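Work through the exercises below with the sequence and the coordinates open. Each task is followed by a stepwise solution.

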Amino acid sequence: TKEDDMIKHVAFFGIPVSDVAKSREFYEGKLGLTVTMNFQDRWVEYDIGETTIAISDMAEGSQPGAPGGFVALEVSDLDAAVAELKAQGVPIFKDIFESPVCRMAVIGDPDNNGIILHQLKEGEG
């Protein structure tokens, strides 16, 4: 990209939650993410590769679990990840399905925000 491009990159994806502590149990305990920034236990960030997701109860006007945006997290073994999360009682909104280039499943966090687990097929991406 050119140096003078207005948009440089995605800074973070925000996920509105109703209970940060309960959501942290999910994102850290079930998905295995590591906190990289915590503001007053109300805005918690997780760096994943070169991007960041943030969970927060401070997003005015945003409703946890409302239909709309979503985030897709790349996994190395989709079958194993879905099986492990099922065993932990994580809701599976849409079990494993395929596109021409990837396989995906949709899980739910404590507020029923849909989180896509994504795995590129061999030779794609």
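**Exercise 1. Find which residues the ring pairs link into a cluster, then classify the pair Tyr-27 and Tyr-46.**

Solution.
- Step 1. In this predicted model, ring pairs join Phe-26, Tyr-27 and Tyr-46 into a cluster.
- Step 2. Two quantities are needed: a pair of aromatic rings is described by the distance of the centres and the angle of the planes.
- Step 3. For Tyr-27 and Tyr-46, the ring centres are 6.3 Å apart and the planes meet at 25°. The cut-offs are centres within 6.5 Å for a pair and planes under 30 degrees apart for stacking. The pair is therefore stacked.
- Step 4. Now place the residues. Tyr-27 lies in helix α1 and Tyr-46 in strand β3, so this pair ties together parts that are 19 residues apart in sequence.
- Step 5. Check accessibility. Tyr-27 has a relative accessible area of 0% and is buried. Tyr-46 is also at 0% and counts as buried.

**Exercise 2. Count the aromatic pairs, then classify Phe-12 with Trp-43.**

Solution.
- Step 1. The count comes to 3 aromatic pairs.
- Step 2. The ring centres of Phe-12 and Trp-43 lie 5.4 Å apart, with the planes at 85°. Planes over 60 degrees apart count as edge-to-face, so that is the class of this pair.
- Step 3. Phe-12 sits in the segment before β1 (13-16), and Trp-43 in strand β3. The pair thus ties together parts that are 31 residues apart in sequence.
- Step 4. Phe-12 has 40% relative accessibility and counts as partly exposed.

**Exercise 3. Locate the ring under the charged end of Lys-94.**

Solution.
- Step 1. The ring belongs to Phe-97.
- Step 2. The charged end of Lys-94 sits over that ring, 4.8 Å from its centre. The distance cut-off is within 6 Å of the ring centre.

**Exercise 4. How many salt bridges does a search of the whole structure find, and how are Glu-28 and Arg-24 separated in helix α1?**

Solution.
- Step 1. The search finds 7 salt bridges.
- Step 2. Glu-28 and Arg-24 form one of them, with the closest N and O atoms 2.6 Å apart. The cut-off is within 4 Å.
- Step 3. Both residues belong to helix α1 (residues 20-30). They are 4 residues apart there, so about one helical turn separates them.
- Step 4. Glu-28 is partly exposed, at a relative accessible area of 24%. Arg-24 is partly exposed too, at 23%.

**Exercise 5. Show which parts the salt bridge of Asp-57 and Arg-42 ties together.**

Solution.
- Step 1. The closest N and O atoms of Asp-57 and Arg-42 are 2.8 Å apart.
- Step 2. Asp-57 lies in the loop between β4 (51-56) and β5 (71-74). Arg-42 lies in the loop between β2 (35-39) and β3 (43-48). The bridge therefore ties together parts that are 15 residues apart in sequence.
- Step 3. Asp-57 is partly exposed at 31% relative accessibility. Arg-42, at 36%, is partly exposed as well.

**Exercise 6. Analyse the salt bridge of Lys-121 and Glu-98, then name the network that holds these residues.**

Solution.
- Step 1. The side chains of Lys-121 and Glu-98 meet at 2.9 Å, N to O.
- Step 2. Lys-121 lies in the segment after β8 (114-120), and Glu-98 in strand β6 (residues 92-98). The pair thus ties together parts that are 23 residues apart in sequence.
- Step 3. Lys-121 counts as partly exposed at 26% relative accessibility, whereas Glu-98 counts as exposed at 55%.
- Step 4. Salt bridges link Asp-79, Glu-98, Arg-103 and Lys-121 in a network.

Terms used. Residues are numbered from 1 along each chain as its sequence is written. This is a predicted model: local features need pLDDT of at least 70, side-chain atom pairs count only at pLDDT 80 or more; totals for chains, interfaces and linings use all residues. Side-chain values use heavy atoms; hydrogens and water are left out. Helices (H or I, at least four residues) and strands (E, at least two) are DSSP runs, numbered from the N terminus. Buried means under 20% relative accessible area, exposed over 50%, partly exposed in between (1.4 Å probe, protein chains only). Rings of Phe, Tyr and Trp (its six-membered ring) pair if their centres lie within 6.5 Å; planes under 30 degrees apart count as stacked, over 60 as edge-to-face and the rest as tilted. A charge sits over a ring if NZ of Lys or CZ of Arg is within 6 Å of the ring centre and within 35 degrees of the ring normal.
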